Amino acid sequence: MAKDIATLGRTREILEKYGFSFKKSLGQNFLIDTNILRRIVDYAELSGETGVMEIGPGIGALTEQLARRAKKVVAFEIDQRLLPILADTLSPYPNVRIIHQDVLKADIRRVMEEEFGGIRDVMVVANLPYYVTTPIIMKLLEDHLPIRGIVVMLQKEVADRIAAQPGTKDYGSLSIAVQYYTTAETVMTVPRTVFIPQPNVDSAVIRLTKRENPAVDVIDESFFFQVVRASFSQRRKTILNNLTNQLPNGKQHKETIEQVLTELQIEPRRRGETLTLEEFAKLSNRLVKEWKEKA
Ligand code: SAM
């Protein structure tokens, strides 16, 4: 078996061979601890029948561990300078395909159809670029991809927001979106010392398992998320004020919004951050009817 990429010695050797310099703006912090990588892969519960989608392979440290256990690995990398390096480091793994593309601009569903024909079990596994963690997670969820789940390394602060419960300062639209589509667990916290260069925040690994059906029944998903975003737009304002100011034609509907809140026993002076997922669902299901009737 080839020597692991994820050691300090081998990583330095590869970087020197290619004269590679890190781009901070692309969130390039490479992992140099094989044990941590193996544990990440363990949490993804791969089999020889699993297809894995990776975001940001870097010099291939995680990709190689995935390739050893999955049927196929497809990895999106934005930095062209890494392509020749990956062609070299991953040459022992014919089941890896690198796609040179910004994952946020990619048509992931189409890539999955093209690359994973015949594969029914797909996981997303990555050490994410931290400058775009939230948009990447939101895209993976909102695109309704046919995946089993997501295991990713990210900033601990974002992991805390994802798992947050109502009434806490971390609770917000991200917590709600993730908990709506998945069950979320923080499975590992990771010290800065296992990366080069070291990031200036602490890291964690989360596992998101896609729910068969969303956690709550919602009539109109896009309106539900509009209500959620509106409710958190100014955290210090009441739910009534935020909905009135932020929903389309909200000001005209102020009385209706107040009436609906009262009917649902949601005190209009509460703040959005105190509402549970169930309350947001009830509220948006009731409001969407009013909006449609009055449109
Ligand atoms: N997987 C490697 C590891 O664990 O050592 C590298 C992880 S590093 C934190 C993030 C990687 O994502 C870098 O290789 C970076 O170039 C790449 N990247 C950054 N933004 C990206 C984007 N929008 N789309 C695809 N890849 C991106």
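Start by selecting β1 (30-31) and β3 (72-77): each of these strands supplies at least two residues of the shell around the ligand. Keep in mind as you go that this is a predicted model.

Next, show everything around the ligand. You should find 22 residues, with Leu31, Gly56, Glu77, Asn127 and Tyr131 the closest. Colour this shell by class and it divides into 11 nonpolar, seven polar and four charged residues.

Now zoom in on the polar atoms of the ligand. Pick asparagine 127, where an N or O atom of the side chain is 2.9 Å from a ligand oxygen. Move on to glycine 58: here a polar backbone atom is 3.3 Å from an oxygen atom of the ligand. Then select glutamate 54, whose side chain places an N or O atom 3.4 Å from a ligand nitrogen. Switch on a surface at this point: the ligand taken alone exposes 600 Å², and the protein buries 100% of that.

Hide the ligand and look at the space it sits in, which is the largest pocket. This pocket holds about 360 Å³ of space. It is lined by 29 residues, and those closest to its centre are Ile55, Gly56, Pro57, Glu77 and Pro129. To see the elements behind the lining, select β1, β2 (50-55), α3 (61-69) and β3, each of which supplies at least two residues. By class, the lining has 18 nonpolar, eight polar and three charged residues.

For a last stop, go to the second largest pocket, with a volume of about 250 Å³. Select Lys24, Gly27, Asn29, Pro199 and Asn200, which lie nearest its centre among 13 lining residues. That lining comprises six nonpolar, five polar and two charged residues.

Methods
Residues are numbered from 1 along each chain as its sequence is written. This is a predicted model: local features need pLDDT of at least 70, side-chain atom pairs count only at pLDDT 80 or more; totals for chains, interfaces and linings use all residues. Side-chain values use heavy atoms; hydrogens and water are left out. A residue is near a molecule or strand if one of its heavy atoms lies within 4 Å of it. A polar contact is a pair of N or O atoms within 3.5 Å; within protein, one must be able to donate a hydrogen and the other to accept it, and residues adjacent in sequence count only if both atoms are side-chain atoms. Accessible areas come from the Shrake-Rupley method with a 1.4 Å probe; for residues, only the protein chains shown count as cover. On a 1 Å grid over the protein atoms alone, a cavity is a set of points where a 1.4 Å probe fits but cannot get out, and a pocket is an open set with protein on both sides within 12 Å along at least five of seven lines; lining residues have an atom within 4 Å of a point. A molecule sits in a cavity or pocket if more than half of its atoms lie within 2 Å of its grid points. Helices (H or I, at least four residues) and strands (E, at least two) are DSSP runs, numbered from the N terminus. Ala, Val, Leu, Ile, Met, Phe, Trp, Tyr, Cys and Pro count as nonpolar, Asp, Glu, Lys and Arg as charged, and the others, Gly among them, as polar. Grid points are joined across faces, edges and corners, and a volume is the space filled by probe spheres set on the points.
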